[in-house]
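Work through the exercises below with the model open. Each task is followed by a worked solution.

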Amino acid sequence: MLKYILKRLGYSLLVLFGVSLIIYFLTRLMPIDFVKNKVVAVQTSGATVDTEMVDAMYEAYGLSENAGFMDIMKGYLGWLGDLCRFDLGTSFKYSIPVTEKIAMHMGTSFMIALIATIFEFMIAIPLGITAATHQYSLRDYVVTILVMIGISLPAFFFGNILKNWLSYQLGWFPASGLVDATTDYSGIDQLIDYGRHVFIPILTVVILSIGARMRMTRTNMLEVMNSDYIRTARAKGLKESVVINKHAFRNTLIPLVTSLAGLLPSLFSGAIITEQVFDLPGIGNIALDAMNAGDIPFIMGYNMFLAVLSVLGVLLADLMYAIVDPRVKLE
């Protein structure tokens, strides 16, 4: 086990090195120019900016237009060295360290994603099992139709529908934001206020996410239910609930574990569209603003952070195979 983990960690470092190269050079090729945007903002305020000041700004931000290939490689190696010291640089737009900005807004996205994921599994897996065990029944058709509707609806469209219905028409929940700025809650009242603000965003994410998980569970259960050992278990006189929950569902977990590889980065990446619709100060919303502003350090640091989480997610999924299926040997 230890040998396998060390070998996979070595492969992961190579993958992250390649990802860092791609992120750095793609980000440097972005058509958005942070310095030009800043100059336009200064000129809009009525001040004048001469050519020398513009050149000094390019030099200060390491974005010189005359930089050659060797200068770019030098910049990459410097960024990579800072990255190895867990220093993601200083954000152009927010003027604070990237790690600090991510830490400030990651909690909101993580809370919403974690709660939504828990409800997604609690709803999607039972729906997938019941649809598979009652194939071609009315129950199967109803679940499939509802799931297809959820998959087909765009997040911005469905989010605005829920916001218009639950907030504007019924007035049950706030329409946007994370807290009520007109009040000063504390303790349990503050927790309730948070819950009321994130209810519609979480509901949006859950409804739009359960479809894929439910379809995966249903498909895998149908494959397992037609296996020889399931027919053998039934022939022995075992209860149908035991056959489904103990024998069939355990083997259905293997594809579900594979999907968990993308779960870890999804908990921290933020739901960009949902956060935009409900004006939430999550990391996805912040990352979108940074990208629109051409904030190179934040974009590179944020994407490298997600790359590390993705590699860790794949490693954890591989390790969980041995737990779910004893036949899997990690060597």
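pLDDT is the predictor's confidence in each residue, from 0 to 100. Helices (H or I, at least four residues) and strands (E, at least two) are DSSP runs, numbered from the N terminus. This is a predicted model: local features need pLDDT of at least 70, side-chain atom pairs count only at pLDDT 80 or more, and totals for chains, interfaces and linings use all residues. Residues are numbered from 1 along each chain as its sequence is written, and side-chain values use heavy atoms, with hydrogens and water left out.

**Exercise 1. Find where confidence is lowest and where it is highest.**

Start with the whole protein: the mean pLDDT is 78, and 83% of the residues score at least 70. Then go to the elements. Helix α3 (residues 51–60) is lowest, at a mean of 62. The highest is α7, at 86.

**Exercise 2. Classify the ring pair of Tyr94 and Phe298, and place both residues.**

Apply the cut-offs: rings of Phe, Tyr and Trp (its six-membered ring) pair if their centres lie within 6.5 Å; planes under 30 degrees apart count as stacked, over 60 as edge-to-face and the rest as tilted. The structure has three aromatic pairs. For Tyr94 and Phe298, the centres are 6.0 Å apart and the planes at 65 degrees, an edge-to-face pair. Tyr94 is in the loop between α4 (69–84) and α5 (98–133), and Phe298 is in helix α14 (residues 296–324), so the pair ties together parts 204 residues apart in sequence.

Next, check burial (buried is under 20% relative accessible area, exposed over 50%, partly exposed in between; 1.4 Å probe, protein chains only). Tyr94 is buried at 18%. Phe298 is buried at 1%.

Now do the Phe173 and Phe199 rings: centres 4.3 Å apart, planes at 10 degrees, so this pair is stacked. Phe173 sits in the loop between α7 (155–169) and α8 (188–225) and Phe199 in helix α8, so the pair ties together parts 26 residues apart in sequence. Phe173 is buried at 18%, whereas Phe199 is partly exposed at 36%.

Finally, look for a cluster. Ring pairs link Tyr94, Phe298 and Tyr302.

**Exercise 3. Describe the surroundings of Asp140.**

Locate the residue: Asp140 lies in helix α6 (residues 138–152). Asp140 is buried, at 2% relative accessible area. List contacts (heavy atoms within 4.5 Å). Leaving out residues up to four places away in sequence, Asp140 touches Ala131, His134, Gln135 and Arg218. Closing step: the backbone nitrogen of Tyr136 lies 3.0 Å from a polar atom of the Asp140 side chain.

Note on methods:
Polar contact = N/O pair within 3.5 Å; in protein donor to acceptor, adjacent residues only side chain to side chain.
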